[in-house]
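Got your viewer open? Let's take a walk through this one, stop by stop, with something to select at each.

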Amino acid sequence: MKKLLTAAFMAAMVLGGPMNAQAQTVDSDWYAATDALGRKVGRYDDTKKDKTVIMFYWTWHQMADETGTYVKNIAQTLKTNPEAANDYDFWHKDNDDYCYWDEPIFGYYRTTDKWVLRKHAEMLADAKIDAVFFDCSNGSMTWDESTDALCEAWDQAQKDGVNVPKIGFLLPFSTTPGAKKAIRHLYERMYSKGLYENLWFYWDGKPCIFAYPSMLDENDEEEKAIKEFFTFRPMQPDYVMGQMKDVPSQWSWLENYPQHGFNPKEDGTCEQVSVGVAQNACDATGGHCSAFNLPGTYSRSYTYRNGYDQRPDAYLWGANFEEQWDRAYELDPDVVFVTGWNEWIAGCWKSFAGKPEPPAFVDEFDWDHSRDIEPTKAWGNFGDVYYLQLVDKVRKFKGTSPAPEASAPKSIRLRKTGDWDDVLPNYTSYKGNTAHRDALGKADIHYVDETGRNDIVGAKVARDDEYVWFYVETEGKLTSRKDKNWMMLFLDVDRDKSTGWEGYEYVVNYKNPKCCRTTVSKNSSNGAWEWEDAASVKYTVKGDQLVIRIPRSLDPALQGALDFEFKWVDNMQDEGNPMDFYVSGDVAPLGRFNYVYTAE
């Protein structure tokens, strides 16, 4: 399948012409990004490896409408009320024991919110995640409403050209009655009917499920059919034990460093290794599961090799995550299972292993003691550091596609859009992602976002000795140039994040264009969101296409060989906040990613 997708993608790149005629493949391997800590997302072009990355994903946020009347945010509460860390009753007001360790970038959403689910589809696709497995490890709960919403949103995203992750279910960590009930329910409800078969994750030729086959009775006709239908990979619950000899084909969901390789192979590699952001375990429990607010737990800033990083912002750097990936590279498995994307909720108990006194927060607690990769809102400019770290680590594990070469120099006539037909590369972007949001969140929160406007589907760049031309195309006719923050083009001409605002020295259309000329604005403060007029340049709009001509004399970096980054942004809302690139309007490419144009 991967070879077919790659071939189709390369064929699409050879062809010129309009980009929005149909859904198109997007390859994020070409994107550049530098996070708020100054770390660049790397390229690893030596070898494209046949590897798989699976992400642990939580669909249980539909319960937000069932518990509580307001949001309990642990990290934010402890900033102003540190005494609450030891007050069990405080966290159980209104008989609601569910807390958030912090606020996700998309708010306290429910996993029935298709606007959020579409965002997740694109972000995970851009990170080259192959599959997500839903946490159904508690009792027999399978969160059907959320599964339906996600499948519907991702099915449409797939039709729009998003290489969405495939899906599967992680059932209880033993042969419980709840586990049997859950697998029978999932088989009867989804798998036996072929429901959303295009989204199923296959392993060894069959749909894969993380469950114990030994719980099924082969004398029961339906259970025998279930046992033959799936590829089973039972999940090892313990963080230190390794694979159980009496459980064949077992995988792990989370382990302490150094992790084990599961299902060893004759060539010395293994089938699977888990990689975690942090582990709710500690020396006091012998490395076994513990409450996450117990002192000494293996937090984001902890490594087995060096102990705890004592810097105030140590949790931002992902040392634990880094060390776990290092172990995965060493073992070289076929599959890495990453924990995790979006758990967020921290149950508060009177006691848990290693912490007999209340309160005990088991799976999540605060910034350092949590393991979600989905960006946060409260970290501000640093909210996506783990997401971009994930992208870099997955690229290193799987390899990256070679960057496309620019076509020969060519002078473009502004109003002759046919001049672009043979210009390469085509910088493709997902279509169909400007739908508006109108959904309930946690408790009585109601989220509305109507910023989706111009649906950017692709871009191109051309050059001659005097000018650089920029072309962008949308799905449907462009809106009025008088709209606020209309079709802005950001340029990082020296590919250095330390110059300009977030690395961008220039922005075009920060001021609304006139009828045939627009303004190139230059960052005037080398960091802050402050811009001054730098040049007046020609542009043209023709239906769904916009072309801008910029003189190479604008900046020394545009003279001689070209090597710059750029992105298109329509309807930015929170000016000066790069995290808005994940949230508002349409952005190509998403978030902190940039397209790269390189030409001799």
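First, a word you'll need: buried means under 20% relative accessible area, exposed means over 50%, and partly exposed is in between (1.4 Å probe, protein chains only). Helices (H or I, at least four residues) and strands (E, at least two) are DSSP runs, numbered from the N terminus. Keep in mind that this is a predicted model, where local features need pLDDT of at least 70, side-chain atom pairs count only at pLDDT 80 or more, and totals for chains, interfaces and linings use all residues. Residues are numbered from 1 along each chain as its sequence is written, and side-chain values use heavy atoms, with hydrogens and water left out.

**Stop 1: strand β16**

Select residues 335-339, which make up β16. Five of its five residues are buried. Look at one side and you'll find Val335, Phe337 and Thr339; flip to the other for Val336 and Val338. That fits a general pattern: in a regular strand the side chains alternate between the two faces of the sheet.

Now add the neighbours. Two strands pair if DSSP finds at least two bridges between them. Strand β1 (residues 52-57) runs parallel to β16, joined by four bridges, and Val53 has Val336 as its bridge partner. Strand β11 (residues 270-276) is also parallel to β16, with five bridges; here Gln272 stands opposite Val335.

**Stop 2: the whole sheet**

Widen the selection to the open sheet of six strands, in the order β4-β3-β1-β16-β11-β10, with mixed pairing. At the edges are β4 (166-170) and β10 (262-264), each with a single partner strand, so one side of each has no neighbour in the sheet. From one strand to the next, the twist averages 25°. Angles here run from 0 to 180 degrees between N-to-C directions, and axes are lines fitted to C-alpha atoms, for helices over the stretch in contact.

Over at β4, five bridges tie it to the parallel strand β3 (residues 131-135), and Val132 has Ile167 as its bridge partner. Then show helix α7 (residues 319-331): it packs on the sheet, touching β11 and β16, and its direction makes about 175° with that of β11. Contact means heavy atoms within 4.5 Å.

**Stop 3: two helices**

Which angle do α5 and α6 make where they pack? Select residues 177-189 for α5 and 221-229 for α6: the angle is about 80°, and the axes are 11 Å apart. That makes the two helices roughly perpendicular (65 to 115 degrees; under 35 counts as roughly parallel, over 145 as roughly antiparallel and the rest as oblique). Show side chains at the contact: Lys180, Ile183, Arg184, Tyr187 and Glu188 come from α5, while Glu222, Glu223, Ala225, Ile226 and Phe229 come from α6.

**Stop 4: aromatic rings**

Rings of Phe, Tyr and Trp (its six-membered ring) pair if their centres lie within 6.5 Å; planes under 30 degrees apart count as stacked, over 60 as edge-to-face and the rest as tilted. The whole structure has 64 aromatic pairs. Try Tyr191 and Phe230, an edge-to-face pair at 4.8 Å centre to centre with 80° between the planes. Tyr191 sits in the loop between α5 and β5 (202-203), and Phe230 in the loop between α6 and β7 (231-232), 39 residues apart. Both rings' residues, Tyr191 and Phe230, are buried.

**Last stop: Asp246**

Finish in the loop between β8 (235-236) and β9 (251-252), where Asp246 is found. Is Asp246 buried or exposed? Exposed, at 64% relative accessibility.
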